[in-house]
Amino acid sequence: MPIAVFDAIRGNISSFLGGAAVNLLPGDCRTPVDENTFSEVVSIEDRIYCFMARREILPFTRSEVAFCRELLTAFSGLYSGFRQEGYAAQFRTALLASIMDIAVARSLRSDHRKGFWPIQQLIQLLKNLSYQQYEGKPATTGFIVHRTTFPLLSKQVLERHHTLIPLHPYEDISPTFFDNPLPYRFVDGTNLFFVANIQMQVTGVLRTSPTVLHNDIERLTQREIFSIVRRAGRGAFAVTVNEASEIEVLISTAKLLVRRKGAWAIFDPDIFRSFLAGSIDADAIDELLWTVYALSKERHGTVILIYNQGARNLALLKKGSVSGDDPIGRLLISRVKKRTISDLKKAGILLRILSADGMTVFNKGGRLMETGFIFDTSHAREVVTGGGRTTAASAASFFGKVIKVSQDGPIELYQDGQRVYRFG
């Protein structure tokens, strides 16, 4: 019975793990595993089962493993609560609707001796808000949940030149918190945030400093809020509802849990670092991966190739250019070629280059080789076919690592003609 019920959430878990194959088997985990396989023993009603997940190329990160353990604990507990016969359909429905929310709340509570209900209540409140609009615009808001004393937090915030306005007495985050539209119209989750303790009581409002300047990528990826969360105590986090009506949970280890299109996903930089390791300069990886997330959040499609050979060989793979023979296009491209990812980001043009039509090609040093590049797919072996970006990404991945962002948000990683990971 647990295995049959597990089938109801198999797709959600696989999607959370970027498309990994997942299974629940009876008995202990006796099969030898490698770094691309994660296995965990779980006890369900005094019987032993083995959860297994496998990705052919990318190893699992610590964050993914920790989340899966919380999910399995939640699965075991929920299953034990539905022992009566005739409730199988009800259990599957409840499990499908809530298991990922429970796992997210459990992973955020930090202290496993304490309940996760206050966190779950906040998540549910923000889920409801994500479906709401005000005068035709999506409702947005944000909370920073601190795990340190308010005076210490105030000192940390002051050092960053932000303003923290205390609230006395504290206000509980109740189901009626957003009945008045002012809290989500005024506190937008971009420049203004509610500050709350782990008991889910609002202790104040934080306004970020206008003197702290960020480029478009850092603004979209909330780099300053990550900085605050790191100073707000171990286990602190921030959670926002953004303009795309997504819930973003910013964890102090610079990772994101994202609820997009009704499903949870994890944006874990370690996955991208593992994928790109050895193919591009290490410093360029972090610049690139957060830029890719910004593109995904803004719904700008792109295909990026990290080319592993020289410029002369790249010319043989070129079918054309988006700009064609336009002299202005040639001039603009010539001005950005050979510049590094970091240089382009600081200049404020990296996001615009990547969101333009055609493929963008970087070399191992992180320098721009081509933009608006039209790849000749006839040079590749058998490829995954689909839309134009999918075909180009699959074909180009025989010549280097490829990152593809779809116009509706998902991020995909390609290697040797195959998609090896998908986020969102």
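1. Let me start with the rings. Phe226, Phe267, Phe272, Trp290, Tyr293, Tyr421 and Phe423 come together as one aromatic cluster. Keep in mind throughout that this is a predicted model. Across the whole structure there are 21 aromatic pairs.

2. Here is one pair to look at up close. Phe16 and Phe67 are stacked, with 4.1 Å from centre to centre and 20° between the planes. Phe16 belongs to helix H2 (residues 10-16) and Phe67 to helix H3 (residues 62-80), so this pair ties together parts that are 51 residues apart in sequence. Are these two rings buried or exposed? Both Phe16 and Phe67 are buried.

3. Now back to the cluster, which has Phe267 and Phe272 among its members. The ring centres of Phe267 and Phe272 sit 5.0 Å apart with the planes at 35°, so this pair counts as tilted. The cut-off that matters here is that planes must be under 30 degrees apart to count as stacked. Phe267 and Phe272 are both buried.

4. Two basic side chains are worth a click as well. Arg223 lies over the face of Trp290, 4.1 Å from the ring centre, and Trp290 is one of the cluster residues. Elsewhere, Lys401 lies over the face of Phe275, at 4.8 Å from the ring centre.

5. On to charge pairs: how many salt bridges are there? The count comes to 22 salt bridges. Take Glu40 and Arg69, whose side chains meet at 3.2 Å, N to O. Glu40 is in strand S2 (residues 37-44) and Arg69 is in helix H3, so the salt bridge ties together parts that are 29 residues apart in sequence. Glu40 has 22% relative accessibility and counts as partly exposed. Arg69 is partly exposed too, with a relative accessible area of 42%.

6. Helix H3 also carries Glu70, which links to Arg106 in helix H4 (residues 88-108), 36 residues apart. The side chains of Glu70 and Arg106 form a salt bridge of 2.8 Å, N to O. Both Glu70 and Arg106 are buried, so if you want a salt bridge with each partner under 20% relative accessible area, here is one.

7. Further along the chain, Arg422 and Glu412 form a salt bridge at 2.7 Å, N to O. This one links strand S20 (residues 418-423), home of Arg422, with strand S19 (residues 411-415), home of Glu412, and the two residues are 10 apart. How do the partners sit? Arg422 is partly exposed, with a relative accessible area of 30%, whereas Glu412 is buried, at 3%. There is also a network: Lys255, Asp268, Asp270, Arg273 and Asp286 are joined by salt bridges that share partners.

8. Next, the pockets. The largest pocket holds about 730 Å³ of space. It is lined by 23 residues, and the closest to its centre are Ser63, Ala66, Ser107, Ile251 and Thr253. Which element gives the most to this lining? Helix H3 does, with seven residues. H3, H4 and strand S12 (255-260) each supply at least two lining residues. By class, the lining of the largest pocket has eight nonpolar, eight polar and seven charged residues.

9. The second largest pocket has about 460 Å³ of space. Of its 20 lining residues, Thr140, Asp188, Thr190, Asn242 and Glu243 are the closest to the centre. Strand S5 (137-138), H7, helix H8 (216-220), strand S10 (237-241) and helix H11 (282-298) each supply at least two residues of this lining. The lining of the second largest pocket divides into six nonpolar, six polar and eight charged residues.

10. One last residue to check is Phe186, which lies in helix H7 (residues 182-186). Is Phe186 buried or exposed? Phe186 is exposed, with a relative accessible area of 53%. For a sense of scale, Phe186 and Arg312 are 126 residues apart in sequence and 55 Å apart in space, C-alpha to C-alpha.

Technical notes:
Residues numbered from 1 in each chain as written. Predicted model: local features only at pLDDT ≥ 70, side-chain atom pairs only at ≥ 80, totals over all residues. Heavy atoms only, no water. Phe/Tyr/Trp six-rings, centres within 6.5 Å; stacked < 30°, edge-to-face > 60°. Helix = DSSP H or I, 4+ residues; strand = E, 2+ residues; numbered from the N terminus. Buried < 20%, exposed > 50% of the residue type's maximum accessible area, 1.4 Å probe, protein only. Lys NZ or Arg CZ within 6 Å of the ring centre and 35° of its normal. Salt bridge = Lys/Arg side-chain N within 4 Å of Asp/Glu carboxyl O. 1 Å grid on protein atoms, 1.4 Å probe; cavity = no way out; pocket = protein on both sides within 12 Å on 5 of 7 lines; lining within 4 Å. Points joined across faces, edges and corners; volume = space filled by probe spheres on them. Nonpolar A, V, L, I, M, F, W, Y, C, P; charged D, E, K, R; others polar.
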